[in-house]
Amino acid sequence: MDLYNIGLGNNDLKTRAAASQDHIKFWESQAESLYWSERWHTALEWNPPFARWFVGGKTNASYNALDRIVQKNPNKKAIFWEGEDGATRVLTYKDLLVEVSKLANALKTLGVKKGDRITVYLPMVPELIISLLACARIGAIHTVIFSGFSAKSIRDRVDDSKSKIIITADGGRRRGTLVKLKDVVDEAIQGLDFVENVIVLEHTHNPISFTARDKKWNELVSSMEPFCDAEMLDSTHPLYILYTSGTTGKPKGVLHGTGGYLTHVFSTFQWIFDIKDSDVYFCTADIGWVTGHSYVVYGPLMHGATQVMYEGALDYSTPARIWEIISRYGVTILYTTPTALRMFMKYGDDLPNSSDLSSLRLLGTVGEPINPRVWKWYFTTIGKERCPIIDTWWQTETGGAMISPLPGLETIHLKPGSASRPIPGVCLSIVDENGKAIPDDSKGYLVIENPWPGMLLTLWGDDEKYKTVYWSKYKNMYYAGDYAIRDKDGYIWMLGRADDVLKVAGHRLGTAELESGFVSHKAVAEAAVCGIPHDVKGEAIIAFLVLKDGYTQSEQLKKDLVQHIRTTIGPIASPDQLYFVTKLPKTRSGKIMRRLLKALAQDEKTGDISTLEDEASVDEIKAAFAELKQTLAKS
Ligand code: ATP
Ligand code: MG
């Protein structure tokens with residue numbers, strides 16, 4: 001296996017040593033980096049499976065993200081914002097504090113109290129960050145809904161959280177079209193009488209209808225005082241509810257607390273990105289996902305970082321848009337997803353090669369296993385072999401990164417396709433069906449053995465489901481639902497979702513192993529596999545492939561691909577059926593929804609597909625299966 005010793009990273013040997021001696025004391029020492037108006041009396045209250053961190057301590061997320069930076073450096077640039085249509089804005093930390101304070105005061109005049117829920121349904125504009133911090137400032141619980149979701153999904157979520165206020169905009173821009181957000185909200189909340197007000201940001205200035213319940217953002221905040229004291233809240237006070245991506249089933253409403261969560265995010269942001277005052281950071285995730293919460297909002301702001309925020313598609317209005325943004329703002333740290341990287345790769349190397357990417361020094365990835373071939377492309381074509389690839393494994397539920405190379409802490413050695421080792425203070429294991437730790441280099445289920453500070457408090461309003469989903473498979477170990485291997489160097493390799501593991505002729509295969517095998521072929525841009533029952537083998541492998549630009553499907557290519565997978569992985573990995581499609585079914589956060597493939601292949605109900613990005617991908621797959629049935633019927 002390739003090992004990349006790029007010799008980058010700090011050389012702090014004490015941190016890991018301290019964490020392995022006493023992980024609770026270690027996290028206490030990390031929590032010292034935050035502002036606390038009162039210190040905690042108990043570092044961790046652990047009533048399995050409920051963890052409460054820094055009990056008795058009082059702090060405020062908005063104060064840590066803004067006031068502490070403004071006290072030192074009010075004019076530090078917080079956000080370079082760019083809209084898809086080319087509009088730009090620049091906001092300093094002082095600007096943010098003023099806007100957050102005004103909105104927080106406005107929320108108070110609307111009767112918002114500590115613990116009330118507020119739904120935020122906004123495009124990627126600075127007011128999205130401002131809304132979150134205004135909620136946090138007064139102890140309201142924010143619940144962000146990605147601005148691509150439909151009225152039905154919004155209704156379910158607003159109803160689940162019983163939000164009193166919804167913050168939205170007249171519209172948002174994506175791929176050159178106007179998304180009429182306010183109209184969607186109007187449809188979503190019909191008859192939901194507990195919604196008292198809708199605050200509407202005028203962003204795109206398209207005509208919209210207003211009722212007495214609606215308040216225009218500008219009119220509402222214009223008369224407000226530009227300062228609002230941050231309310232010091234219990235460390236365990238809920239900061240937000242956020243729904244998971246819905247890749248493996250119905251999205252789960254994850255509830256996060258304050259002090260523990262902030263500690264986890266503060267420390268990991270420093271360790272992962274080795275953030276410096278001079279950096280220009282760019283995370284391409286939407287704030288509608290946890291990556292945006294932790295590593296667009298709270299992490300960067302608590303460190304006083306300068307970041308680029310972009311509203312729109314990364315390949316619009318030209319496929320080189322992302323590279324243009326990087327050179328325009330001199331981005332030094334890029335954090336994106338394997339799915340976005342595969343799309344950029346599909347466009348070919350000319351675009352990045354003809355852009356000035358010399359400012360980059362660090363490249364991150366999150367969301368799915370990164371195929372080694374994609375890793376190497378990111379490293380070579382984008383990072384010019386200078387920038388380490390920081391592959392971060394984590395979940396909405398974990399609050400922050402759990403497995404990652406940490407250049408901000410230690411010298412890193414990278415293996416393409418592995419997220420490296422667990423962060424200090426987190427104890428992971430790979431176990432078998434019975435929860436028994438298994439030897440290195442064997443496949444098993446990833447579990448987390450001790451509570452960690454970013455750990456979810458529970459699932460919103462459903463402690464029972466929380467216990468069942470994460471704590472019922474194994475006793476006192478958190479079940480992550482991912483299939484993995486730890487190698488002899490202690491590096492973790494994610495093999496895909498535990499639900500999707502294939503059992504072929506007595507062997508267990510993770511989807512990531514097979515998909516990376518296909519993606520290692522020069523013609524393949526993306527791959528998704530699933531298994532369906534097979535009388536002899538146990539399970540048969542079905543593969544869906546998207547080809548790179550410049551390649552066309554043919555029977556010969558199919559044969560080549562089967563041969564390729566046989567030689568790279570082994571004859572056991574030969575697909576029984578292989579289809580070429582133009583797009584894969586993905587969640588709106590860009591993850592492949594394999595459960596949908598499986599359901600369609602077996603003519604079963606598709607389950608909750610509210611987070612599916614594009615219905616057209618399903619039609620294509622249905623057509624492929626229909627064709628197969630016809631062929632079988634004829635033969
Ligand atoms: P749901 O829980 O609703 O099915 P989801 O698991 O996709 O959705 P998220 O919390 O957004 O929701 O994603 C977490 C999952 O993403 C992890 O469990 C893992 O499967 C995958 N993941 C995230 N980062 C990585 C990574 N660096 N390498 C491999 N897999 C990753
Ligand atoms: Mg999940």
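**Exercise 1. Placing the largest cavity**

Task: In this predicted model, work out where the largest cavity lies with respect to domain 1 (4-414) and domain 2 (428-497).

Solution:
- Start with the domains. The assignment divides the chain into domain 1 (4-414), domain 2 (428-497) and domain 3 (502-634).
- Next, ask which domains give residues to the lining. Both domain 1 and domain 2 do, so the largest cavity lies between them.
- Now look at the residues around its centre. The lining has 13 residues, and those nearest the centre are Trp53, Gly257, Gly260, Pro453 and Leu457.

**Exercise 2. Describing the cavity and its wall**

Task: Find how many cavities of 30 Å³ or more there are, then describe the lining of the largest cavity by class and by secondary structure.

Solution:
- Begin with the count: one cavity reaches 30 Å³ or more. The space in the largest cavity is about 80 Å³.
- Sort the lining by class. Six residues are nonpolar, six are polar and one is charged.
- Then turn to the elements. At least two lining residues come from strand S3 (50-55), and at least two from helix H9 (259-273). S3 has the largest share, with three residues.

**Exercise 3. The interface around it**

Task: Characterise the interface of domain 1 and domain 2 by contacts, buried area and salt bridges.

Solution:
- Take the distance between the domains as a starting point: their centres, over C-alpha atoms, are 25 Å apart.
- Count the contacts from each side. Domain 1 brings 37 residues, which touch 29 residues of domain 2.
- Add the area. Together the two domains bury about 3,000 Å², and 67% of this is on carbon and sulfur atoms.
- Finish with charge pairs. With a cut-off of 4 Å between side-chain nitrogen and carboxyl oxygen, zero salt bridges are found across this interface.

**Exercise 4. Backbone features in and beside S3**

Task: Locate the cis peptide bonds at Pro49 and Ser317, and the positive phi of Phe54.

Solution:
- Go first to the loop between strand S2 (42-47) and S3, where Pro49 sits. Pro48 and Pro49 are joined by a cis peptide bond, with omega about 0°.
- Move on into S3 itself, which holds Phe54. Phe54 is not a glycine, yet its phi is positive, near 55°. S3 is also the strand that gives three residues to the cavity lining.
- Then travel along the chain to the bond between Tyr316 and Ser317, which is cis as well, with omega about 0°. Ser317 belongs to the loop between strand S18 (306-311) and helix H11 (321-329).

**Exercise 5. A long-range neighbour**

Task: Starting from Arg16, find which residues it touches beyond four places away in sequence.

Solution:
- Place the residue: Arg16 is part of helix H1, residues 14-21.
- List its partners, which are Leu406, Glu410, Arg421, Pro422, Ile423 and Pro424.
- Compare sequence with space for one of them. Ile423 is 407 residues from Arg16 along the chain, while their C-alpha atoms are 8.4 Å apart.

Methods. Residues numbered from 1 in each chain as written. Chains lettered and ligands numbered in written order. Predicted model: local features only at pLDDT ≥ 70, side-chain atom pairs only at ≥ 80, totals over all residues. Heavy atoms only, no water. 1 Å grid on protein atoms, 1.4 Å probe; cavity = no way out; pocket = protein on both sides within 12 Å on 5 of 7 lines; lining within 4 Å. Points joined across faces, edges and corners; volume = space filled by probe spheres on them. Helix = DSSP H or I, 4+ residues; strand = E, 2+ residues; numbered from the N terminus. Nonpolar A, V, L, I, M, F, W, Y, C, P; charged D, E, K, R; others polar. Domains from an automatic or database assignment. Contact = heavy atoms within 4.5 Å. Buried area = accessible area lost by both parts, 1.4 Å probe.
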